[in-house]
Structures are given as structure tokens and as C-alpha cells.
Amino acid sequence: MQNKFHLLHTHIQPPALFTYPFCYKPHALSLLAAEELQTYVAQRSSWQQELSQGKMFGVLVATNQQGQLGFLAAFSGLLCGNNNHSYFVDPIFDATPPDGYFKVNECKISALNRQIATLTHSSSYQQARQEVQQATLQAQQEEECYKQKMAQAKAERNKRRAQPEGLSAEEEQLLIRESQFMKAELHRIKQRNKQHIAALQQQVDTVSRTIQQLKAQRKRMSDQLQQWLFEQYTLLNAQGEQRSIIRIFQDLRGTLPPAGTGDCCAPKLLQYAFRQGLHPVCMAEFWWGASPKTEIRHHLHFYPACRGKCLPILTFMLQGLKVEHDPLSQCVSQPLEVIFEDDSLIVVCKPAGMLSVPGRSARESVLSLLQQRCPGMTGPVIVHRLDMATSGLIVAAKSKEVHKALQAQFKERSIKKRYIALLDGTLALPKHGTVSLPIRPDPLDRPRQVVDMKAGKTAITEYTVISTDGHTTRIALWPHTGRTHQLRVHCASPLGLNAPIQGDALYGRPAGRLFLHAESISFTHPITQQRMTFERKADF
């Protein structure tokens with residue numbers, strides 16, 4: 001216990017409420033604890049090769065029963081193939097012992113994998129499949145060749161029948177018998193080929209059935225082992241209640257937990273604190289090492305807990321603690337500047353922090369404010385959206401017809417938008433260029449998006465560097481497609497500009513706001529057919 005609870009000697013006052021783990025600014029105590037942990041990690045030379053690939057770490061500041069202030073440390077998943085390190089809290093459940101139920105059965109599944117791979121790649125199986133393919137091709141060629149022969153013979157018979165002197169009855173019968181014979185011969189060829197291919201295919205099917213049976217057995221064993229593993233994870237909350245991970249997910253979502261649930265930093269830290277009678281004060285999680293190719297993580301940046309795995313279990317575990325409110329759900333009233341308005345449409349400048357359309361909370365949105373301003377508007381109104389954290393120009397239609405016409409322009413990409421952003425860092429790239437990285441949602445951590453070269457949707461952004469002071473970069477961005485978080489991902493991704501937008505809590509460092517502004521929009525007015533351009537300079 002003592003070597004896992006690391007005392008903090010500081011005059012920093014603790015917060016009144018515990019950290020809301022899904023949207024937070026690290027408290028000074030969390031920063032102090034993180035600095036100590038980072039110093040410790042940097043000194044572990046044997047870990048550095050693995051850590052260079054990236055790892056999430058977390059700290060939980062707490063008080064013990066004697067009133068002393070200290071912190072706990074955790075890492076996500078395994079560290080150097082091990083779950084137990086003296087500096088860090090214990091896992092909720094340790095599945096790594098080689099003679100334990102999990103590893104023993106995992107070895108059995110691995111043995112099935114090897115057996116499946118051996119059969120699949122065996123020379124006899126591959127040769128049998130190749131023989132089937134060759135026999136099928138040869139059969140097709142033989143049958144096609146004979147069909148051509150039949151066609152030539154038919155043409156010759158028709159030619160003979162067309163001669164002026166005609167044919168005798170005996171000659172006609174000979175031609176008919178020739179035709180009948182050739183049709184029968186084609187049937188015999190097909191039957192012979194079919195039987196030959198079937199005999200070869202039987203050899204393939206025998207092995208294929210064995211492979212499918214092994215795969216089915218592997219799936220049953222994997223599902224059973226995963227179910228058993230989740231049953232070992234029983235979580236505590238601040239009220240002293242216990243609940244299994246399976247029940248938590250079934251009660252909240254009606255589904256089984258995703259693989260790896262319970263092995264993230266936050267649940268590990270809280271579980272250990274509750275087991276040891278510690279009182280949680282605040283917490284934070286940071287990334288160490290290189291960013292993954294798909295996700296966007298930056299060295300020593302702080303990140304919220306993931307929603308796919310951690311939201312259900314942390315919702316249970318935090319019961320009994322006084323927790324900060326979700327800042328994104330708080331109702332904040334902000335003015336909405338009108339740039340242009342006529343009988344057909346309205347152009348407004350959305351402030352940072354305002355929703356484009358209503359969400360799950362009661363926060364005001366551009367749509368709700370426009371409905372108050374223009375109660376006579378019918379049908380769809382908002383033509384396009386901006387992220388809540390993004391400021392800038394939005395066009396709204398006052399009728400279904402105008403809405404449809406403007407959306408058609410978006411589909412045709414005739415509407416042009418320009419954004420201004422401040423990037424955290426400088427670019428090791430040309431001052432003007434294009435980023436083309438396909439992106440898709442991360443189903444385990446919405447609304448985060450990830451780069452996915454295979455399953456992602458096409459996303460293209462043109463950029464021009466305006467200025468730089470050696471620490472930050474002011475940049476203009478022209479999105480050629482309209483994917484969710486496109487500009488934020490393209491700026492932050494190591495495969496893109498590799499410089500996150502300042503204040504981007506998802507892909508960079510949180511700040512007072514996201515420094516991304518939709519500065520200009522140009523479109524054709526659906527009624528007057530006049531090309532219109534509106535601008536509103538960023539206030540940063």
C-alpha cells in the first residue's frame with residue numbers, strides 16, 4: 001500500500017468537487033502528481049522501447065485515512081507484458097499468470113489458431129484448391145471449344161440445306177443425327193468435367209469442413225473465455241456497492257462490454273482507492289510516446305476517459321462522490337450575431353461553445369435561437385453545421401425549398417468555405433498544400449474520429465500558412481469535403497499537418513476555447529441567383 005500511495009508535499013488546495021473524467025482541465029494537484037509520475041517513467045530505461053510506441057498513464061490524487069495527501073498511478077493495459085509493477089496500482093483482475101485459467105485457455109485457443117493456419121496453408125490443401133481452379137478453367141475452355149465446333153457444324157448444315165438442289169430424306173436424317181450426336185456429346189463432356197471437378201472439390205471440402213469446424217470451436221471458446229473474464233471484474237463505487245462489468249453494461253446499454261473494458265487507467269485507479277479506503281480528490285490521464293497511426297495522441301498531453309469502455313463503468317464507480325458537472329451540458333446564454341438576412345435565408349456568426357442544433361442537454365443552439373427570432377420559418381432550417389467548439393458563419397434557410405437548393409450546392413461542392421485556425425506548433429511542410437486522409441468515427445470513443453485508410457471516408461483539406469512566430473502557426477483552411485472533425489483531425493494527425501489546433505481538447509491541448517473559426521462562406525442565392533460572399537474575421 002505505502003509504495004503505491006505516493007505522498008504529495010504541497011500547499012495547493014484540493015478542489016471542492018472530483019474531476020468529471022470525460023471533459024476536464026487538469027487540477028494543479030493532478031499536474032503535480034503527473035509530473036512526479038513522468039519523472040519516474042523517464043527513469044525506467046528498460047521500458048522506453050515499448051513506451052516509445054505509446055501508452056496512456058493516469059494519476060488519482062487522494063487522501064488516506066490519516067488525512068495525508070498523495071496520489072496513485074496507473075497505466076492502461078499491460079506494461080512490458082506485466083500487470084503488476086510496484087509503483088502502480090493493482091489491476092482490477094490479473095489475467096496474466098501463465099498457470100491461471102485465462103492463460104491456459106488462451107493457449108488452447110492459440111493452438112487452434114496454429115492448427116487452422118497449418119491446414120489452411122498446407123501444400124496439399126493449396127494444391128487441391130489449385131487443381132480445382134485449373135480443372136474448372138480447362139472444363140470451361142473445352143466446353144467453349146466444343147460449342148464453337150457445334151456452331152461451325154450447324155452453319156455447315158444450314159449451308160447444305162440452302163443449296164438449290166436440296167437434300168434427300170436420307171441426307172436430312174444424317175444431318176439431324178449429327179446435330180443430335182453433338183448435343184449429346186456436349187452433355188457428356190459437361191458431365192465428365194462435372195464429375196472430375198466434384199472429385200477434386202471433395203478433397204478441398206473435406207479440409208474446408210475441418211477448418212470451419214475448428215473456427216467454430218475457436219469462436220465458442222473465445223466467447224466463453226471472454227464471458228468468463230468479464231465475470232471476474234467486479235467494480236466498487238464510492239458508496240461501497242459492488243457490480244459486475246457485465247451487469248453494468250447490460251443495465252445501461254443492453255450489450256456486452258467491449259474487449260479490454262476495465263483495463264483503462266481511470267477504473268483501475270478508482271477501484272484501488274475504494275479498496276484501500278482512500279478518498280479521491282482529482283484525477284487526470286496523459287499520453288506518453290508516439291501517437292498511434294489511427295488515433296491522435298500527443299506526448300504528455302492530457303486526455304479524457306474514453307466513452308465506449310469507461311463511460312458506463314465510471315458512471316457507476318463515481319456514485320457517492322461529489323463530481324464536477326459536465327461543462328458541455330451546462331446552459332450558457334450567448335449572443336448570436338446576424339450578418340445578413342432576407343425573406344429566404346439568414347447568415348449568422350456562431351460563437352464558440354454554442355451548438356448548431358439542439359443536443360441531449362438543454363443548451364441553447366443556433367437553431368433554437370433562430371426559431372425564436374423567426375417563428376414563421378417552416379421545415380428544415382440549418383443548412384450545415386459547425387462543431388460546438390468552433391466559431392464562425394452558418395447559413396440557415398427559412399423554407400424547405402431554399403434549404404433543398406442550398407443543400408444541393410453543398411452536394412455539388414459549389415459552396416466555398418474558408419476557416420482560420422491557430423495551430424499549436426510549426427509545420428515541417430510546404431506553406432501551401434493539401435491533406436487527404438480518410439476518417440471515420442471511433443465507435444468506442446465518440447465523438448472522436450480516427451484516420452482509417454481502408455474504411456474511412458474521403459476527406460480533403462487545402463491549407464495555406466499565413467504566419468508563424470516559431471511556437472504557433474496561423475493558417476487558412478479550405479475543406480473540400482465535409483466530414484465530422486475533418487479540419488481538427490487533419491491538423492492534429494501525424495499523417496497530416498502534425499500540429500493540433502490550439503484549445504482542441506480531443507486532439508490536442510484544452511484551453512479557453514478552440515481556435516478554429518469559419519471566416520468566410522460563398523454561395524449562390526437560391527432565389528436571386530446572385531453569388532454572395534460573407535466574411536467575419538476571427539477575434540483571435
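**Figure 1. Ser414 in the loop between helix H10 and strand S10**. In this predicted model, Ser414 sits in the loop that joins helix H10 (400–411) to strand S10 (416–424). With a relative accessibility of 23%, Ser414 counts as partly exposed. For a sense of scale, try locating Tyr87 as well: the two residues are 327 residues apart in sequence, and their C-alpha atoms are 58 Å apart in space.

**Figure 2. A patch of positive charge on the surface**. Five side chains make up this view: Arg413, Lys416, Lys457, Arg483 and Arg531 gather in a positively charged surface patch. Lys457 belongs to the loop between strand S13 (449–451) and strand S14 (460–468). Its relative accessible area is 54%, so Lys457 is classed as exposed, the cut-off being over 50%.

**Figure 3. Strand S9 and its neighbours S8 and S16**. Strand S9 spans residues 391–397, and 7 of its 7 residues are buried, so the strand is largely enclosed by the rest of the structure. Strand S8 (residues 345–350) pairs with S9 in the antiparallel sense through 6 bridges. To find the register, look for Val348, whose bridge partner in S9 is Ile394. Strand S16 (residues 516–524) runs parallel to S9, and 2 bridges join the two. Here Ser391 stands opposite His517 of S16. As a reminder, strands of a sheet pair through backbone hydrogen bonds, in either a parallel or an antiparallel sense.

**Figure 4. An open antiparallel sheet of 4 strands**. The strands follow the order S1-S3-S2-S6, with antiparallel pairing. At the edges are strand S1 (6–7) and strand S6 (279–288), each of which pairs on one side only. Strand S2 (residues 55–63) meets S6 over 9 antiparallel bridges. A handy landmark is Met56, which stands opposite Trp287 in S6. While you are looking at the side chains, recall that in a regular strand they alternate between the two faces of the sheet.

**Figure 5. Salt bridges in and between helices**. The structure has 23 salt bridges, and two of them are described here. Within helix H3 (residues 101–121), Glu106 and Lys103 form a salt bridge with an N to O distance of 2.9 Å. These partners are 3 residues apart, so about one helical turn separates them. Both side chains are at the partly exposed level: Glu106 has 28% relative accessibility, and Lys103 has 25%. The second pair is Glu172 and Arg161, whose side chains meet at 3.0 Å, N to O. Glu172 lies in helix H5 (residues 169–231) and Arg161 in helix H4 (residues 123–161), so this contact ties together parts that are 11 residues apart in sequence. Glu172 is partly exposed at 25% relative accessible area, and Arg161 is partly exposed at 34%.

**Figure 6. Asp452 and Arg440, with a salt-bridge network**. Asp452 and Arg440 meet in a salt bridge of 2.6 Å, N to O. Asp452 is placed in the loop between S13 and S14 and Arg440 in strand S12 (residues 439–441), so the pair links parts that are 12 residues apart in sequence. Which of the two partners is buried, Asp452 or Arg440? Asp452 is buried, with a relative accessible area of 16%, whereas Arg440 is partly exposed at 27%. Also worth a look is the network of salt bridges that links Glu295, Arg297, Asp445 and Arg448. In general, side chains of opposite charge can pair when their charged atoms come close.

Key: Residues numbered from 1 in each chain as written. Predicted model: local features only at pLDDT ≥ 70, side-chain atom pairs only at ≥ 80, totals over all residues. Heavy atoms only, no water. Buried < 20%, exposed > 50% of the residue type's maximum accessible area, 1.4 Å probe, protein only. Pairing = 2+ DSSP bridges. Patch = residues over 30% accessible without salt bridge, like charges linked within 9 Å, V, L, I, M, F, W, Y side chains within 5 Å. Areas by Shrake-Rupley, 256 points an atom, 1.4 Å probe, with all protein chains shown as cover. Salt bridge = Lys/Arg side-chain N within 4 Å of Asp/Glu carboxyl O. Lys, Arg positive; Asp, Glu negative; His and termini not counted. Charge placed at Lys NZ, Arg CZ, Asp CG, Glu CD.
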